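Visitor: I would like a close look at a single part of this model, set against the chain as a whole. Please keep the account plain.

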Amino acid sequence: MLEISMSTREKESIWELFKPLLRRYVLPQGALVVGGILAGVIAAAAAGFGLPVMIQYIFPIVFGTEPPPAWLQEWVTRTVGSEHLATATLWGAALLIPLAMGIRGIATYINGFLLSKAGVKAVSALRADVFARLQYLPFSFHDRKQRGTLMTVVLQYTAMAQQGMMSVLNDLVIQPLTLVAAVSYLVYAAISQDETAMLLGNLAITIVCVPIVRTVGKRMAKQMRKALSGMNFITATVEETLSSQREVRAFNLEKRQTELLQGHIRHYNSLFVRVIAWQQSVTPSVEVVSAFAISYSLYQGCSHGLTLEQFTAIVTAFYFCYDPIKKLGEVANRCHLMATAIEGINEVLYAKDETPEPENPKPLPNPVSGAVEFEHVNFGYTPEKQVLQDICVQVPAGQIVALVGPSGSGKTTFINLICRFYDPDTGSIRLDGVNLKDISRAERTRTIGLVSQFSALFHDSILENIRAGRPGADQTAVEQAAALARVDEFALQHPEGYNRILGEGGGGLSGGQRQRVSIARAFLKNAPVLILDEATSALDMKSEAAIQESLERLAAGHTTFIIAHRFSTIRMAQRILVFEEGRIVADGTHTDLYEHCALYRHLYDEQVSLPDESQDTPAA
């Protein structure tokens, strides 16, 4: 699971956590952000300063307690006549309120729309970067993480970041500006009226809202970390169950998996309810404190001769102070929640690449011959256990080499190191004399073709699944590769032919058919180094025999490594390496090894003695 720890928060402030996100994803949306800020300035001024001024100076005119200014009386008299002075003044004053609110509403809409659009674009780029980063992180990272957990990061954590960023961008612009505008009016009122200065002192007791917001934010963030960990378990269980439907149904595990998921959901819900409890406590707490402040100020104002218009204007301005403070408290809490998601995202974005791209890659010879050399290679997936020990072997270009040995002896790990899925702990691996660590990822992948036991097919056409071996290949080349792997035998039986869309993971094809598509992919790639990792394991004996000749043609002239438990598959091998407990204990031809290597002889005799193999297994 991705661990979200308190130590990260203790060492790094939320601002430091957000800065790279803002710099990398928000600043590129500069035009949208600037437009949103300008609209926010207008909305804030209309609300925080405009409305209190109207209440203090316009309402007395409307209710007749104050005469209109002389310049206004002259202009109205010239325009509509003195007999309509009162009516025109009333209408004009009354219309100022919807005018101010209309300006505020339009500006608020523009502010929210532009900043939300900026947030959507920013987080879309973030989500794409997280997914792309997962494609390049080493296999050791994926070994440590559950796929369901990584799905949570790509989908849920980035969604939380998007929701948080949109609301935070909106409120961090308009709420502080509204607060500044309202405070500006209060300062103006305090300077011009002695009674107001006294009243503002009473209202200052709302400062106690700050520690309330801070305390709630910390408690809520702590609970959110726990809740996100619970969501990881939910996603992992769903992904694991859906990807193992055959096993689940074959072993009658439906009820067990359902109950397991329900347990995770109950645990998550109990944790998230606590987050909601803390989140919902902010607004009532601030409102209660503010209500006491207003109540006491009302008493003090009346005692010191403050007029209704003065008091109403000040309370309105105070409302536009209190409301932003409340919402900024909610922003602070959303920042805490968003920070927990960003910490999980950062574990992907800034994970250490244990197989980094070389800073100055060295080119391979042109053309690549495919000679491979292991020089005193040691490797372990964990420091405690070495899987390969002191491997020294040279494979000349074009040689076909089979790897045999008991399960867990290191054969697949040997192949993984050739592909540079992992780097050796010590020693070096060279391709045509160049250390694999010095070869660019793009050149290395062009040079090595892999057909594994569980080759992945995508939710796409058969044609595009084969074309993945060499993107951009024309249809003729794809169909030629398909014919070599005998894909045409089943593909052309379907009305859509090679354009038939496969289900997820190759759904709609049998295991043998899926493997033929992956073998066709290797034919199309035609890489100098070819790896067949149990490439025909999903085929029956008849199907294997049918494509064996094609595999031999594919391997001819290519440096080929074959892992197979069926000895019939390695009959074309010119050389056999025998693995045992992470070491190469024998190296030679079938005849030499059968005579001099007890382990090889045991493995061979054990297999050819099986009834289903005895008639079909030629000498390797």
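How many cavities of 30 Å³ or more does the count come to? Please take the largest cavity as the part to look at closely, and then add what can be said of threonine 158.

Guide: The model is predicted. The count comes to three cavities of 30 Å³ or more. The largest cavity holds about 40 Å³ of space. Its lining consists of Leu417, Arg420, Tyr422, Asp423, Pro424, Ser428, Ile429, Asn435, Leu436 and Lys437. Sorted by class, five of these lining residues are nonpolar, two are polar and three are charged.

Threonine 158 lies in helix H8, which spans residues 147-192. Its relative accessibility is 0%, and because buried means under 20%, threonine 158 counts as buried. The side chain of threonine 158 makes a polar contact with the side chain of arginine 127, at 2.8 Å. Leaving aside residues up to four places away in sequence, threonine 158 touches Val123, Arg127, Val130, Val153 and Ile345. Arginine 127 thus appears both in the polar contact and in the list of residues touched.

As for the setting, the protein chain has 24 helices and 10 strands. The chain has 620 residues, and 48% of them count as buried. Among contacts in the chain with a separation of 6 or more, 79% join residues 24 or more positions apart. The accessible surface of the chain comes to about 30,600 Å², with 59% of that area belonging to carbon and sulfur atoms.

Conventions
Residues numbered from 1 in each chain as written. Predicted model: local features only at pLDDT ≥ 70, side-chain atom pairs only at ≥ 80, totals over all residues. Heavy atoms only, no water. Helix = DSSP H or I, 4+ residues; strand = E, 2+ residues; numbered from the N terminus. Buried < 20%, exposed > 50% of the residue type's maximum accessible area, 1.4 Å probe, protein only. Polar contact = N/O pair within 3.5 Å; in protein donor to acceptor, adjacent residues only side chain to side chain. Contact = heavy atoms within 4.5 Å. 1 Å grid on protein atoms, 1.4 Å probe; cavity = no way out; pocket = protein on both sides within 12 Å on 5 of 7 lines; lining within 4 Å. Points joined across faces, edges and corners; volume = space filled by probe spheres on them. Nonpolar A, V, L, I, M, F, W, Y, C, P; charged D, E, K, R; others polar. Areas by Shrake-Rupley, 256 points an atom, 1.4 Å probe, with all protein chains shown as cover.
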